[in-house]
Amino acid sequence: MNAETYSLRVRGFALRVAAFCVAAAFCAGCGGSGSHLARDENSGAEAKQGVNEARVLRADRDPGNWLVHGRTYNEQRFSPLKLVNDKNVSQLGLTWFYDLDTRRGQEATPIVVDGLMYFTTAWSKVFALNAATGAPLWSYDPKVNPEWAVNACCDVVNRGVAVWGGKVFFGTLDGRLEALDATTGKLVWEKLTIDRKFRYTITGAPRVVKGKVIIGNGGAEMGVRGYVSAYDTETGAMAWRFYTVPGDPAKPFENPILAKAAKTWTGEWWKNGGGGTVWDSIVYDPELDLLFIGVGNGGPWNPRIRSPQGGDNLFTCSIVALRPETGEYVWHYQENPGEAWDYDSDEQMILADLTIQGQPRKVLMHAPKNGVFYVLDRATGALISASPYTHITWASGVDMQTGRPVETALARYPGRNPELIIPGPLGAHSWQPMSYSPVTGLVYIPIQDAGFPYKSDTDFHAKNFAFDTGTDFAAAGMPQDRQIKKAIMNSVRGRLVAWDPLQQKQAWDVDRPEAWNGGVVSTAGNLVFEGTAKGNFEAYLADTGARVWSYAIQTGAIAGPITYTVKGEQYVAILAGWGGVFPLAAGEPAMKSGRVRNVSRMLAFKLGGKVVLPALPAIEVEVLHPPAATADAATVRRGEQVYQRFCGNCHGDVVVSGGVLPDLRYSSTLTNDQWFNIVLGGLLRENGMVSFSKEVSRGDAAAIRAYVIFRANQSLKEAASGEGGGRGSYP
Ligand code: CA
């Protein structure tokens, strides 16, 4: 509950800068693509051009910078730089790091423009640093209301800024789109993009296209209706808004395509919002002048509640192509009609020109949560190929005639008992960026194998704070039967997969015992970089997958790394900090990476880097001292149901914290009234732990505590028998 204890201890902006020397000739590593980046010959620094449309359009020939979210508009996250390469990567060392003032998940991809780095952190804060030294230029705190955190399904994360026309754009967790002066960090304009009567959040990075900043939102688990909006970069005036699902048909539809979409819904779907949020991927193709958005799951997850008489529920779980100037609909491809498992289609889209069966094709590549790799013709939305990129059990594949998945018998969880389906809501691949290398022709995908026991739950409460999905989270909790638990724990793993999109097959993979590893970047130096859940930053050969470099960064890294040059030296940087939905919600599987802490910092590496991270203070080994479990079984059972509905999504499945938020089994409030002061009285609201007095009665709060005490005693017994069950890694 003490959600951000450590954020209160701002450790100063500790900065350690290594000796910096300019040696290599400018852009010696740019490969054959040449560089058109202007350079100030007197200072030796790159001239400050800022970011504008012309420059973004030729970003591919400007590999020293990382100008937009996926480096270029096609979002391949491939860098032509090769100063750091497969021959010398062993000399890569830390050259600076910059400690942050939050202790939550860090998911942002930094932007680098002419030697300056801009990025967001948890709680939607923005930082501008010198990209060669880590020296701070400015920082900005939008002062997100901490109580808004309860509306976030998946930690108080943010995935980055956009830089354009002298401004830095970003979204805030509580729904604002802000424009800062790129030089001073001062607020230029601010727009509220949501109706705060509903539980929207923003975690995704905005994209700028033709002078408009495009932003979506999250909240499909919280009863909202999804949309994406465009705002004028100069004035902040809204240019258009495209709703991804139809609203109440008694009112006029916002555009004609929604009238058609409404025919794919049944019942009174609009009363629960419908979902379909655009919380991550937004990609622009300047040649076709199309904007592609990835649309999330329907809300609630269970289609029997969402749309009781069936229907495809457009445009949930779809890729939709829009005109960027107007938001006008052009085409869509739906990956999961009538979706039922939280298989968002929000994940990164990569645009590339491939030769398929002798024909040049403009394709869009997608590896969404559902575990299928899609290659689409991005001019028309036609499906070119689709194949599972990892083990899945909900479908056997995709029917190429209809473009629809071929679902298995268990997929719709028809039974009275939970049905273990792979993947689960975590997705086989989520927002963690992937990368396509035109050199190897491979797509590098950070994936996980993690199933989820789905069971339909008709006891659905749309209007409360619950993470209520119409599936039974109490039934989905980790079983405490030793054998079953072991089998589930062993099945949860991570992999880095190199995928051949032409042959739709795996070229190589790196197996990891832990799930929820970081995003990737690939380079012309035959390297793929990835941070890991275990707390390393690693490099692999892009062609074979051989591990060639690893650096212990003291914390799990989930964000996508980048690479850039300043004064002719190549840097590889990553924002580290363990968090996101997995360590918050997953319980025991999230502890598999060990006692990983959240140490939030930006780290930059270069050849010959000699900076050493300071040792972390030892983790105090806390011992479980729960009071005796005296409550009757019915009370514990009731407590479990209410805990799994209201508490587990942040404090962990069956009261096991994955290392970011407090592990309640160790709470000092299990024996005193502070428990009620926090759960019902909102004592820790400033940390993001709101009062649940509207949703939880005093009797239920007591039942939750009885369940936590029960679980603490259960864990104590397990620990005594040497079977784990020990404390989460919360520092
Ligand atoms: Ca979702």
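This is a walk through a predicted model, from its calcium site and nonpolar cores to its backbone geometry and side-chain contacts.

Let us start at the calcium ion. Its protein donors are Glu221 through OE, Asn297 through OD1, Asp342 through OD, and Asp344, which is listed with OD twice. These atoms lie 2.2 to 2.8 Å from the ion. Along the chain, the donors follow the spacing E-x75-N-x44-D-x1-D. Glu221 sits in the loop between strand E13 (212-215) and strand E14 (227-232), while Asp342 sits in the loop between strand E21 (329-334) and strand E22 (349-356), so this pair ties together parts that are 121 residues apart in sequence. If you look at the surroundings of these two donors, you will find that both Glu221 and Asp342 are buried.

Next comes the nonpolar interior. The largest nonpolar core has 92 residues, and those with the most contacts inside it are Tyr118, Phe529, Tyr564 and Phe605. Strand E39 (residues 569-576) supplies the largest share of this core, namely six residues. Phe605 is a good place to centre your view. Setting aside residues up to four places away in sequence, Phe605 touches Leu92, Gly93, Leu94 and Thr95, then Phe537, Trp549, Tyr551 and Ile553, and finally Gln570, Tyr571, Val572 and Ile574. There is also a second, separate core of 32 residues, which includes Val283, Leu364, Val372 and Tyr454.

The backbone deserves a look too. Most residues other than glycine have a negative phi, and most peptide bonds are trans. Against that background, four places are worth a visit. A cis peptide bond joins Leu314 and Phe315, with omega at about 0 degrees. Phe315 belongs to the loop between helix H3 (303-306) and strand E20 (318-322). Another cis bond joins Ile422 and Pro423, where omega is about -5 degrees, and Pro423 is placed in the loop between strand E28 (419-421) and strand E29 (435-437).

The other two places concern phi. Asn526 has a positive phi, near 60 degrees, although it is not a glycine. You can find Asn526 in the loop between strand E34 (520-523) and strand E35 (527-531). Lys567 also has a positive phi, near 50 degrees, and is located in the loop between strand E38 (562-566) and E39. Are these two residues buried or exposed? Asn526 has 14% relative accessibility and therefore counts as buried, whereas Lys567, at 25%, counts as partly exposed.

Now for the charged side chains. The model contains 45 salt bridges. One of them joins Asp62 and Arg55 at 3.4 Å, N to O, and both of these residues are buried. Another joins Glu75 and Arg207 at 2.9 Å, N to O. Glu75 lies in the loop between helix H1 (53-57) and strand E2 (78-79), and Arg207 lies in strand E12 (residues 207-209), so the bridge ties together parts that are 132 residues apart in sequence. Glu75 is buried, with a relative accessible area of 4%, and Arg207 is buried as well, at 7%.

A further bridge connects Arg378 with Asp285, whose closest N and O atoms are 2.6 Å apart. This pair links distant parts of the chain: Arg378 comes from the loop between strand E24 (372-377) and strand E25 (383-388), and Asp285 from strand E17 (residues 282-285), 93 residues apart. Arg378 counts as buried at 4% relative accessibility, and Asp285 is buried with a relative accessible area of 3%. Elsewhere, salt bridges that share partners join Asp174, Arg176, Glu178, Glu190 and Arg196 into one network.

We can finish at Asn598, in the loop between helix H5 (581-585) and strand E40 (601-607). Asn598 counts as buried, at 4% relative accessibility. Which backbone oxygen lies 2.8 Å from a polar atom of its side chain? The oxygen belongs to Arg104. Leaving aside neighbours within four places in sequence, Asn598 is in contact with Thr102, Arg103, Arg104 and Gly105, as well as with Thr555, Gly577 and Trp578.

Technical notes: Residues are numbered from 1 along each chain as its sequence is written. This is a predicted model: local features need pLDDT of at least 70, side-chain atom pairs count only at pLDDT 80 or more; totals for chains, interfaces and linings use all residues. Side-chain values use heavy atoms; hydrogens and water are left out. Donors are N, O and S atoms within 2.8 Å of the metal (3.2 Å for Na, K and Ca); water is not among the atoms, so sites may look incomplete. Helices (H or I, at least four residues) and strands (E, at least two) are DSSP runs, numbered from the N terminus. Buried means under 20% relative accessible area, exposed over 50%, partly exposed in between (1.4 Å probe, protein chains only). A nonpolar core is a set of buried Ala, Val, Leu, Ile, Met, Phe, Trp, Tyr and Cys residues joined through side-chain atoms within 4.5 Å. Contact means heavy atoms within 4.5 Å. A salt bridge is a side-chain nitrogen of Lys or Arg within 4 Å of a carboxyl oxygen of Asp or Glu. A polar contact is a pair of N or O atoms within 3.5 Å; within protein, one must be able to donate a hydrogen and the other to accept it, and residues adjacent in sequence count only if both atoms are side-chain atoms.
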